[in-house]
Amino acid sequence: MNDDTSPLVALVLVFAPLSLLAIGGGGSLLGDIQQQVVVHYGWMTAQEFQEAFAISRVSPGPGILIVTLIGWHVAGWLGAVVSTMAIILPSSVLIYALAHVWHSGRRTRWQKALSRGLAPIAAGLIIASVFRLLAYPGAHPVAWLVAAGVGIVAFRSRVSQILLLAVGTVIFVGALFLLAAAGAPDLGL
């Protein structure tokens with residue numbers, strides 16, 4: 001992309017292709033979004049990206065809300081709208097078309113194979129995103145421990161993901177406050 005490209009066009013060129021890769025939900029894209037926004041285009045610093053991620057996780061709405069925040073950061077309210085549409089529309093149109101084909105007949109062998117084959121891909125993309133987010137220099141070791149614990153519980157049980165997110169957050173914040181009270185250095189707060 002050249003320097004003359006409009007920020008709105010650049011947002012579409014980043015998020016529309018990623019939209020089509022959102023196997024397993026928006027969480028599977030976080031690593032790629034971070035790479036594009038922080039490393040490739042420099043629209044945000046790593047710290048700003050982490051802050052936008054945190055805001056997107058505690059805010060009500062879709063899990064991919066971070067894209068809206070990035071668009072706002074890059075090009076104001078119009079950037080927020082454009083980036084949100086760029087991440088939602090391509091995959092929505094594709095899913096609508098695939099759902100029509102998927103439900104047009106009885107459940108075939110290829111459909112069962114596709115379902116089983118995409119599950120580990122989605123899990124791998126989500127795990128890769130978690131590692132990328134935790135790999136920042138400011139990430140506290142407690143974050144790694146909580147992420148590992150939540151991952152194990154999620155893998156071995158059918159506990160609600162929302163509940164796991166809430167419990168993991170409480171454990172993480174509680175552990176950081178306990179460490180701060182004990183005088184531990186470098187809390188990454």
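This section describes the confidence of a predicted model, the packing of two of its helices and the surroundings of one serine.

Across the chain of this predicted model, the mean pLDDT is 85, and 92% of the residues reach a score of at least 70. Confidence varies along the chain: helix α1, residues 7-19, has the highest mean, at 95. The lowest mean, 81, belongs to helix α5, which covers residues 109-134.

Helix α5 packs against helix α6, residues 141-156, with the two axes coming within 10 Å of each other. The axes cross at roughly 165°. An angle over 145 degrees counts as roughly antiparallel, and α5 and α6 are therefore roughly antiparallel to each other. The crossing of α5 past α6 is right-handed. On the α5 side, the contact is formed by Val 130, Phe 131 and Leu 134, and on the α6 side by Ala 143, Trp 144 and Ala 147. By residue class, this contact of α5 with α6 comprises 6 nonpolar residues, with no polar and no charged ones.

Ser 83 lies in helix α4, which spans residues 65-102. The relative accessible area of Ser 83 is 0%; because buried means under 20%, Ser 83 is classed as buried. When residues up to four places away in sequence are not counted, Ser 83 touches Leu 11, Phe 15, Val 67, Thr 68 and Gly 71. Among these contacts, Leu 11 and Phe 15 fall within the residue range 7-19 of helix α1, whereas Val 67, Thr 68 and Gly 71 fall within the range 65-102 of α4, the helix that holds Ser 83.

Definitions and conventions
Residues numbered from 1 in each chain as written. Predicted model: local features only at pLDDT ≥ 70, side-chain atom pairs only at ≥ 80, totals over all residues. Heavy atoms only, no water. Helix = DSSP H or I, 4+ residues; strand = E, 2+ residues; numbered from the N terminus. Buried < 20%, exposed > 50% of the residue type's maximum accessible area, 1.4 Å probe, protein only. Contact = heavy atoms within 4.5 Å. pLDDT = per-residue confidence, 0-100. Axes fitted to C-alpha atoms, helices over the stretch in contact; angles between N-to-C directions. Parallel < 35°, antiparallel > 145°, perpendicular 65-115°, else oblique. Left-handed = near helix turned anticlockwise from the far one by under 90°. Nonpolar A, V, L, I, M, F, W, Y, C, P; charged D, E, K, R; others polar.
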